[in-house]
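User: Could you walk me through one part of this model close up, starting from a single side chain and then moving to the helix packing? A connected account would be great.

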Amino acid sequence: MSVLIFAASQQISGAYSSRMAYHENPGFVRFPWNADFKMWQYPVPRKECSVVEDHFGTKVADPYRWMEDPDSDETEEFITKQNAVSQPFLSGTPVRENFHKRMMEVYNYPKYGVPFKRGSRYYYFYNTGLQNQSVLYTQQSLGDQAEVFIDPNAFSEDGTVSLGHFSFSEDGKLFAYALSQSGSDWQTIKIRDVETRQDFDDELKMVKFTSIAWTHDGKGFFYQRYPVSSVGSEGTKAVAVGTTTTKLQDQMTCYHYMHTAQSADLVCCKFPDQPDWLSSTMVTDDGRYLIVKVYRGAEPKNHLYYYDLTGGIKSSIPLSSIVDEFEASYDVICNDGTVFTVLTNFQAPHYCLKTVDFSKPSKDNWKTLVAERDKDVLEEAIAVNHNQLVLNYLRDVKSVMELHELTTGHLLETFPMAMGSVAEISGKRKHNELFYLFQSFLTPGEVYHCHLTVSPISIKLFRSIQVKGFTSTDYITQQVFYTSKDGTSVPMFIVHKKGMPLDGTCPCLLYGYGGFNISITPSFSTSRVLFMQHFNGIYALANIRGGSEYGEAWHQAGMFERKQNVFDDFHSAAEYLVTNHYTSSSKLAIQGGSNGGLLVCACANQRPELYQCVVCQVGVLDMLRYHKFTIGSAWMTEFGNPDEEKHFQYLHKYSPLHNIPSLGQYPALLLLTGNHDDRVVPLHSLKFIATIQEQLGSQTRSPLMIRVDVKSGHGAGKPTHKMIDEVADIYSFIASTLNLDWLDCAKL
């Protein structure tokens, strides 16, 4: 869906043993390097023991609920005390200085985005290496000298103001762009004159989860915003700094006319009877129709409406319905008059393309243009070169890209592709060229330029992104399929240096996500390469259920009461790695972010003997109250509603906050969050660390720590210097808790 509910990974750190082995060595000491072991001294926060709620006959205590106020003096003091524990430990680990230095060296390579054409000009993002934010460049032709068009680094001294969603007017003369401060989801939209590079006075606030859709006359655009009343007593000041936790409601689609005040914007579409609904808009290539998609949450299901713009722009525009049930996903790709090409999973969990005549919207009249495939998942479709479609499939978690005829759906050509991912595609129906970016675990990036007017199409390597000293042939990537608890076959990628002895002694980092219909596909990570090189590490990516690796059925198998499948898949991945001697439980670290943070903490609670180290980034950890803050209610379509008994029963059973073991050893734990994360608000991590330190801090040898970053959010827009600091802390924590030595190597 267009509203990004979760960030699956972070730019540098990556997409951000068995029980038998544990019983064979019950006397295992987790930290042999700490022979003079002393218990960790953790802060002791105030407990409100009177905070107990009755959920359908089950009493649930919430003694740290006061931490839900991020701006209170008491919460800020707690954060300060926790950082006073974690920061000296992290900065004092034996390898931290080496890892940070190497990250600064190795990550300092030129990074290019995919070129795209708007109006008569080309644009692309470029980062010289260590710039906090990538810069948008422009050139008249691909051979011309490029010029800086907009440099987000100029908006703040520390790089914490980032460029978010943006859109050019149809003629390419105007540029609307959104800015985010300190990683917050709240954005401010500004408008720039492309020729003069000067901004107009227009400034739009209270913007979150927005699209920007220009009308073709260039007079203005549609966007989404919230009323000031939606943040209640927290007010617009809290919005400006990104610390609001108020549940978001009453999003509305507005139209902004150029050179007018935001107060004069027309409210074109809202749903007062459904305050949790979200919308996104687009204007068709012919400029005639406004397409409105409406979501009730993060699920891949939406209503589909349209409006004929020849009727004029007005308040409360009369939308015509194509689909008014939340039964499937519907994305408009292109149209010829009233006949639209739609990408959908309606009765096609692997997705297909349909032609729909909006003048005859009944599904009985829909026609199949490109049929659903038995295994491949159709992830993306783009109209190019007037009468062609580029289709991007996922086949066993690897990209397959094809060129089809638009009118018939017939396959024309298949793009040559190695094992990896098409990370980005750039093309338009009115243009006869195409750009795409290919990545893999061992390929930093290859930008290809395709001319579509010849047959076979001309595909040329346009840019190759090179990391100094990195030789991909020194490493190997393999994909294995292991069996989960219920017999399901699950794919997993395993990456390591060639020639390593697989005798169970190697450290391994296992990553997972497992939710929200998000596929975690091969991508390049500098920090993972350093882990493999300087620690002889193995990286494993388990493509567990809950994602979209095998379509909607794979997603639904990890939703609601079936969420335990996700945890079982992850446990089974760990057991496979141990049983096949890639690693051992004493050398196994697990990592996940956001929904993946929920994953790794739930798994650590359920099988603490299986894992040695847990890294949880911005995790969803309180499954009984997640829906009460910011955009959390949108996740009820994934997790369930804790206020309904049937959902409460299974949510309470796995909620990380409510299932921390009361006795025994626990893996080393590092939680990471940002004080401006207004998506998965910091209260999840704060309440979890307070609870686990209280329950296990006096008995486990493992460090139980939290790192709370300032002026950072859920991950998007994080400046380079903050990301490097973060991954240096993460891998230093992993190295210390797995008892790893730093290996000096001249090359990667």
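Analyst: **From a loop threonine to a set of helices**

The side chains of threonine 284 and aspartate 286 share a polar contact of 2.6 Å (N or O atoms within 3.5 Å, one able to donate a hydrogen and the other to accept it; residues adjacent in sequence count only through side-chain atoms on both sides). Please keep in mind that this is a predicted model, where local features need pLDDT of at least 70 and side-chain atom pairs pLDDT 80 or more, while totals for chains, interfaces and linings use all residues. Residues are numbered from 1 along each chain as its sequence is written, and side-chain values use heavy atoms, without hydrogens or water.

Threonine 284 belongs to the loop that links strand S16 (278–283) to strand S17 (289–295) (helices are DSSP runs of H or I with at least four residues, strands runs of E with at least two, numbered from the N terminus). With 1% relative accessible area, threonine 284 is buried (under 20%; exposed is over 50% and partly exposed in between, with a 1.4 Å probe and protein chains only). Beyond four places in sequence, threonine 284 is in contact with His216, Tyr289, Ile291, Asn335 and Phe340 (heavy atoms within 4.5 Å).

Burial is also the theme at helix H5 (residues 526–535), where 10 of the 10 residues are buried, so H5 is largely enclosed by the rest of the structure. Among them are Arg528, Gln533 and His534, alongside Val529, Leu530 and Phe531. Which elements do the buried residues of H5 pack against? They meet helices H3 and H12, together with strands S32 (475–483), S33 (489–497), S34 (508–511) and S35 (538–542). Just after H5 comes asparagine 536, with a positive phi near 55°.

H3 (residues 96–106) and H12 (residues 720–737) also come together: their axes approach within 9 Å and cross at roughly 140° (lines fitted to C-alpha atoms over the stretch in contact, with angles from 0 to 180 degrees between N-to-C directions). H3 and H12 are therefore oblique to each other (not under 35 degrees, roughly parallel; over 145, roughly antiparallel; or 65 to 115, roughly perpendicular). From H3, Arg96, Phe99, His100, Met103 and Met104 take part, and they meet residues of H12 including Ile724, Asp725, Val727 and Tyr731. By class, this contact has seven nonpolar, two polar and three charged residues (nonpolar: Ala, Val, Leu, Ile, Met, Phe, Trp, Tyr, Cys and Pro; charged: Asp, Glu, Lys and Arg; polar: the others, Gly among them).
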